[in-house]
Amino acid sequence: MDRSRGASANIKDGIEGGDDDTGLMATDREAFIDISPGVDALPVHLCSRLPILLFFLDGMTLPNATFLRSDQLTVLISGFSTSRLPLLRSLASSYTSSPSIAAVLIFWFNPHTPSQTLSKALDLPSSSATLISLIRHPSSSLNARFLPCRQIRTRAVAVCDDDIDLPPPSLEFAFKIWRFDPARLMGFFARSHNLDLDRRSWIYTVHPDRFLMVLTKFMILGTQYLHRYSWALEYREMRAAVDRMRNCEDILMNFVVAHEAGVGPTLVEARSMV
């Protein structure tokens with residue numbers, strides 16, 4: 001799609017833009033809260049009117065892409081605060097209304113929340129409950145946002161926070177763009193770097209006319225990158241750094257994809273977003 005495979009791309013209103021690392025920023029529509037999640041999990045599938053069922057991680061086995069759907073994606077929503085459960089319930093139900101969504105997995109990173117509280121708060125209409133699963137994580141590693149699990153049966157996943165309400169047309173458009181170039185990360189929120197002359201150090205910032213990475217507020221990526229991020233030995237020290245800092249998992253995922261595929265991310269703008 002773009003003139004340089006290694007460049008970042010910017011797409012707005014269906015028209016490709018961007019040369020090299022340049023792109024338009026989505027800062028005026030960014031959401032507000034960064035959630036601190038948890039680590040190596042025993043997933044728990046929680047449907048509102050069914051018993052709790054246990055599912056186990058696929059471990060280090062990369063799924064055969066032949067058996068993964070390419071016409072739909074799986075949404076992975078990170079949640080932590082019980083005060084946000086009503087919004088989380090609304091967002092999960094909204095995502096299931098899209099024909100491009102195969103399933104919504106809620107990754108719950110507060111180990112102290114009683115299961116009864118979650119079951120009651122996420123009591124969903126039967127029309128959407130069968131598409132929504134709750135996966136509980138017992139500790140606080142941000143790396144667990146990308147932990148692969150058996151419920152993912154699509155070639156693409158959308159990783160997002162619990163305060164991002166993406167308009168359905170924007171979601172459909174973003175997935176369509178990703179399918180044109182599935183090696184790339186695709187997102188709506190971007191960051192760049194700059195040199196702080198006073199401190200004489202590099203800083204992580206918003207730049208008006210360029211971007212180098214997309215954020216986990218909402219990103220679409222290939223399922224295979226979840227496995228590479230979570231299990232590849234070459235990224236072990238970097239995963240440990242994310243755990244030490246309790247930050248920067250988005251930077252690491254951008255690095256993993258760039259290293260594996262040799263391409264930068266694609267930035268897409270939505271016309272409206274909560």
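1. In this predicted model, Arg 84, Asp 162 and Asp 163 are linked in a network of salt bridges. Across the structure, the count of salt bridges comes to nine, and the next two points take up some of the others. As background for a student, side chains of opposite charge can pair when their charged atoms come close.

2. One of these pairs is formed by Arg 145 and Asp 161, whose side chains meet in a salt bridge with an N to O distance of 2.8 Å. Arg 145 sits in the loop between β7 and β8, while Asp 161 belongs to strand β8, and the pair, 16 residues apart, links distant parts of the chain. How accessible is Arg 145, and does Asp 161 count as buried or exposed? Arg 145 has 4% relative accessibility and counts as buried because the cut-off for that word is under 20%; Asp 161, at 3%, counts as buried too.

3. Two further salt bridges can be read side by side. The side chains of Arg 184 and Asp 181 meet at 2.8 Å, N to O, and here Arg 184 is buried with a relative accessible area of 2%, while Asp 181 is buried with a value of 8%. Asp 196 forms a salt bridge with Arg 199, and in this case the closest N and O atoms are 3.9 Å apart. Asp 196 counts as buried at 17% relative accessibility, whereas Arg 199 is exposed, with a relative accessible area of 67%.

4. A point about the backbone follows. Most residues other than glycine have a negative phi. Against that background, Arg 200 deserves a look, since its phi is near 55°, a positive value in a residue other than glycine. Arg 200 is found in the loop between β10 (190–196) and β11 (201–205), and with a relative accessible area of 77% this residue is exposed. Cys 248 also has a positive phi, near 75°, and is likewise a residue other than glycine; its place is the loop between α6 (236–245) and α7 (249–261).

5. The strands on either side of the Arg 200 loop also take part in a sheet. Three strands form an open sheet in the order β11-β10-β12, and the pairing is antiparallel. Which strands lie at the edges of this sheet? The edge strands are β11 and β12 (213–214), each of which pairs on one side only. Between β10 and β12, which run antiparallel, there are two bridges, and Arg 191 has Met 213, in β12, as its bridge partner.

6. The largest nonpolar core contains 34 residues, and the members that touch the most other members are Val 75, Tyr 95, Val 104, Phe 218 and Ile 220. Both helices and strands contribute, for the elements that give two or more residues to this core are β5 (69–79), α1 (85–96), β6 (101–108), β7 (132–136), β8 (154–161), α4 (168–180) and β13 (218–222). Val 104 offers a way to look into this core: leaving aside its neighbours within four places in sequence, Val 104 is in contact with residues including Val 75, Ile 77, Ala 92, Tyr 95 and Leu 131. A second, separate core has 28 residues, among them Ala 144, Val 214, Val 242 and Val 263.

7. A search of the whole structure finds five aromatic pairs. A pair of aromatic rings is described by the distance of the centres and the angle of the planes. In one of the pairs, the rings of Tyr 235 and Phe 255 have their centres 6.4 Å apart and their planes at 90°, so the arrangement is edge-to-face. Tyr 235 lies in the loop between α5 (223–231) and α6, and Phe 255 lies in helix α7, so the pair ties together parts that are 20 residues apart in sequence. The two partners differ in accessibility, as Tyr 235 is buried with a relative accessible area of 1%, while Phe 255 is partly exposed with 41%.

8. Finally, a reader should keep the confidence of the prediction in mind. The protein averages a pLDDT of 77, and 73% of the residues score at least 70. Where does pLDDT stay under 50? One stretch is residues 1–5, for which the model has 18 contacts beyond four places in sequence, and another is residues 13–59, for which the model has 153 such contacts.

Conventions. Residues numbered from 1 in each chain as written. Predicted model: local features only at pLDDT ≥ 70, side-chain atom pairs only at ≥ 80, totals over all residues. Heavy atoms only, no water. Helix = DSSP H or I, 4+ residues; strand = E, 2+ residues; numbered from the N terminus. Buried < 20%, exposed > 50% of the residue type's maximum accessible area, 1.4 Å probe, protein only. pLDDT = per-residue confidence, 0-100. Contact = heavy atoms within 4.5 Å. Phe/Tyr/Trp six-rings, centres within 6.5 Å; stacked < 30°, edge-to-face > 60°. Pairing = 2+ DSSP bridges. Core = buried A, V, L, I, M, F, W, Y, C linked by side-chain atoms within 4.5 Å. Salt bridge = Lys/Arg side-chain N within 4 Å of Asp/Glu carboxyl O.
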